[in-house]
There are 2 protein chains.
Amino acid sequence: MTEELAKGLDGILVAESELSSVDGQIGELIYRGFSIEDLAKHASYEEVVYLLWYGSLPTEAELEHFSGQLAEARRLHPDVLLTLESLADADEDPMAALRTGVSMLSAYDSEASYTTGDIEASRKKGIRILGKLPTIIAAFQAYREGREPVEPDPSRSFAGDFLRMLSGEEGTPLARETFDMALILHADHGFNASTFTSIVIGSTMADLYASVTGGIGALSGPLHGGANQEVMRMFRDIEDSDRGPIEWVNEMQERGERIPGFGHRVYKVKDPRANILEAKAAALAEEGSEDRYIGYAQEIESHLTEMGLVEKGIAPNVDFYSGVVYDQLGIPFDLYTPIFALSRTGGWIGHVIEYQEDNRLIRPRARYIGPTEADFAPIDQR
Amino acid sequence: MTEELAKGLDGILVAESELSSVDGQIGELIYRGFSIEDLAKHASYEEVVYLLWYGSLPTEAELEHFSGQLAEARRLHPDVLLTLESLADADEDPMAALRTGVSMLSAYDSEASYTTGDIEASRKKGIRILGKLPTIIAAFQAYREGREPVEPDPSRSFAGDFLRMLSGEEGTPLARETFDMALILHADHGFNASTFTSIVIGSTMADLYASVTGGIGALSGPLHGGANQEVMRMFRDIEDSDRGPIEWVNEMQERGERIPGFGHRVYKVKDPRANILEAKAAALAEEGSEDRYIGYAQEIESHLTEMGLVEKGIAPNVDFYSGVVYDQLGIPFDLYTPIFALSRTGGWIGHVIEYQEDNRLIRPRARYIGPTEADFAPIDQR
């Protein structure tokens, strides 16, 4: 027992994990040994989730079975839809609506009770949760737009059906492929605050509904999720101004402000996920998607590279290009963080399942610095 | 940065706090310097929450204002009631129903958005949340019983109005006083897993709805909340058996089983909260409340004391008597953990507000022990 204060738990090793590893010095991200580049290029989100949860890439039969179960889970109970409609009517924040929607799912899962410790049961529960997230987000968006939600179609892929339910339109193969890739890139990233939240909750042997609901809550915080919305806000402000992107960031730097989408607690070079998304943004633009912001992004990156910032470790991170891509796909700004949650739920569930296999309740200490003795005075004598 | 693994974060000091301190060697619990005995005897739950959130006991005027705001917050939006009715119809677990109910509240809070860092705004948001928890639990119970929820009455105390809404009946002054005391005893207890969950979520500067929803999720885990339900299950099993309580626990010990309600991670002597509740249970029995289990509890405690277990640190904890008391008050078994959450919400909110005043994102590390390199094989070659 040490008396040193580990505020923020920086550098404290809280568990061992086989799921993912980040090397911020060389810009490398791996899931169970596979490079993020290989996975983004060759795999689907369903394959990656299988890899995270089961430990190896699936065979064709395994993938078919797994994807089929995920797709079958997509449909929501009518009472969940009613609640989402109420939340949309009340103009609820989309992350809060997702949190309530996921929390409510347990009521309609006949196997939801607290029988944890059974890894296969946990994976099946994970499928029932993850499968429903696209439908929750898309239905909430439909209600906000005053239309009926699009019914899920279990014959479609996770990414493709989400885009279709979200907009009511088919979309191009490149759009589906790009969105699938974005989900893969955000699926896991070590012990960030939301993943850690899910694990702390899981360490009480609470069920996965509790863990994922908590993860969404943590990701809703402005210090965690939401950075890609900040990037887009900057682009929109540039667009609405009479200044060009270079002038804009120069002024930000003169004011000593941080440029959104640049710099990362772990990466000291360009985030590998940013490279992948940048290429996809270019391809989408070539295909003819509305590309309001890719020019801004590339100009700003070139400029900051020339200025020597990128060399100093203030390099573009994943958020700098994910917003550009989501915007090209026609997704509303305030759904970017819910989509981050959608993708990261694969990681959260994988980590909780892994942690519970060799569980230990997470309970740190606080140093008490309040008074040690106080005399109680009756209320009329205070 | 140390390479030592701190699994469970045992003994790791993660923050400083002025809220509460536990001395397990002498059986002492204090809230901001005040002994739990003084607070239980002389204060109300509202006073104790004020103490935890504001740092000092309120004057009469402060308490009146604070209690009034809490009482005004009690009413639920009709759509929250509709969702609770759906959850009751689906036979949802009461802790999960409470989690969903609290998560949904943010939609009807016009100041719910993520403007954290303003301590007075956080306290006001805390009041709007805490005030509604009694109504959520009572309304859910009403729907489960097939009746309409009892309307809140802001002229009544937090504890008293909850008991009235829960059963539809007035209850005796002693019943209200006892329940108020039970709320005080459970309001805070250092950095347990649910309090820590609330703080991790709060450290992303997510709002209090996210933190409290996460805390409820953590408390739902069988390793954390729910121990008093285990005690009651034992008493019920004894009642249904042909054996007396002493015979029963002797047999448990022969099988090497832990006696529910005995022993605690922190207390090495009798939990001070157990003493207070035991006295109240006796008083309620004297008043004529149905006292099925107090005899069992006292017989078992005497027996284990004679056996020398209590001396060895296997002493009665708060859960050993709280269930007895709740049962005397006519509260259904599966609401004991939601009531624990109701009370502890006061502590969760107090801790998050305190932590966010000098915030640092909580983000530990995991030691990666998976493969460092894996070659991606196309799916037909796996």
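Is Arg32(B) buried or exposed? Arg32(B) is buried, with a relative accessible area of 11%. The views below come from a predicted model.

**View 1. Arg32(B) sits in a loop between two strands.**
The loop joins β3 (28-31) and β4 (34-35) of chain B. Phi of Arg32(B) is near 50 degrees. That is a positive value in a residue other than glycine. Arg32(B) counts as buried because its relative accessible area, 11%, falls under the 20% cut-off.

**View 2. The strands on either side of this loop belong to an open sheet in chain B.**
The sheet has 3 strands in the order β2-β3-β4 (chain B), and the pairing is antiparallel. β2 (20-23) and β4 of chain B stand at the edges. Each has a single partner strand, so one side of each is left without a neighbour in the sheet. Strands of a sheet pair through backbone hydrogen bonds, either parallel or antiparallel. Between β3(B) and β4(B) there are 2 bridges, in the antiparallel sense. Look for Tyr31(B): its bridge partner in β4(B) is Phe34(B).

**View 3. Chain A has an open sheet with the strand order β2-β3-β4.**
This sheet is made of 3 strands with antiparallel pairing. At the edges are β2 (20-23) and β4 (34-35) of chain A, each pairing on one side only. β2(A) and strand β3 (residues 28-31) of chain A run antiparallel and are joined by 4 bridges. Val22(A) has Leu29(A) as its bridge partner in β3(A).

**View 4. Arg32(A) lies in the loop between β3 and β4 of chain A.**
Its phi is positive, near 50 degrees, in a residue other than glycine. Arg32(A) is buried, with a relative accessible area of 11%.

**View 5. Helix α16 (residues 318-328) of chain B is mostly covered.**
How many of the residues of this helix are buried? The count is 11 of its 11 residues. Among them are Phe320(B), Tyr321(B), Val324(B), Val325(B) and Tyr326(B). The buried set also includes Asp319(B), Asp327(B) and Gln328(B). Several helices of chain B help to cover these residues, including α9 (173-186), α12 (227-240) and α14 (272-287). The cover also includes α15 (294-306) and α17 (336-357) of chain B.

**View 6. Asn317(B) caps the N-terminal end of α16(B).**
A side-chain oxygen of Asn317(B) lies 3.0 Å from the backbone nitrogen of Asp319(B). What follows the helix? Gly330(B) comes after α16(B), with a positive phi near 80 degrees.

**View 7. Ser194(B) is a buried residue of helix α10.**
Helix α10 of chain B spans residues 193-202. The relative accessible area of Ser194(B) is 0%. Which residues does Ser194(B) contact, leaving aside its neighbours within four places in sequence? They are Gly215(B), Ala218(B), Leu219(B), His224(B) and Trp348(B).

**View 8. His351(A) lies in helix α17 of chain A.**
At 1% relative accessibility, His351(A) counts as buried. His351(A) touches Ser17(A), Leu19(A), Asp188(A) and Gly190(A). Phe191(A), Thr195(A) and Ile199(A) are also touched. This list does not count residues up to four places away in sequence.

**View 9. Two assigned domains of chain A meet.**
The domain assignment gives domain 1 (37-221 + 335-357) and domain 2 (227-328) of chain A. The contact takes 17 residues from domain 1 of chain A and 19 residues from domain 2 of chain A. The C-alpha centres of these domains lie 28 Å apart. The size of an interface is often given as the accessible area lost when the parts come together. Between domain 1 and domain 2 of chain A, the buried area is about 1,700 Å². Carbon and sulfur atoms give 67% of that area.

**View 10. A salt bridge joins Lys280(A) and Glu177(A).**
The closest N and O atoms of Lys280(A) and Glu177(A) are 2.5 Å apart. Between domain 1 and domain 2 of chain A, the count is 1 salt bridge. There are also 6 residue pairs in polar contact between these domains. On the side of domain 1 of chain A that touches domain 2 of chain A, the elements giving two or more residues are α1 (36-42), α9 (173-185) and α17 (336-357) of chain A. α9(A) gives the most to that side, with 8 residues.

Conventions:
Residues are numbered from 1 along each chain as its sequence is written. Chains are lettered from A and ligands numbered from 1 in the order in which they are written. This is a predicted model: local features need pLDDT of at least 70, side-chain atom pairs count only at pLDDT 80 or more; totals for chains, interfaces and linings use all residues. Side-chain values use heavy atoms; hydrogens and water are left out. Two strands pair if DSSP finds at least two bridges between them. Buried means under 20% relative accessible area, exposed over 50%, partly exposed in between (1.4 Å probe, protein chains only). Contact means heavy atoms within 4.5 Å. A polar contact is a pair of N or O atoms within 3.5 Å; within protein, one must be able to donate a hydrogen and the other to accept it, and residues adjacent in sequence count only if both atoms are side-chain atoms. Domain bounds come from an automatic or database domain assignment. Buried area is the accessible area (1.4 Å probe) that two parts lose on being put together, summed over both. A salt bridge is a side-chain nitrogen of Lys or Arg within 4 Å of a carboxyl oxygen of Asp or Glu.
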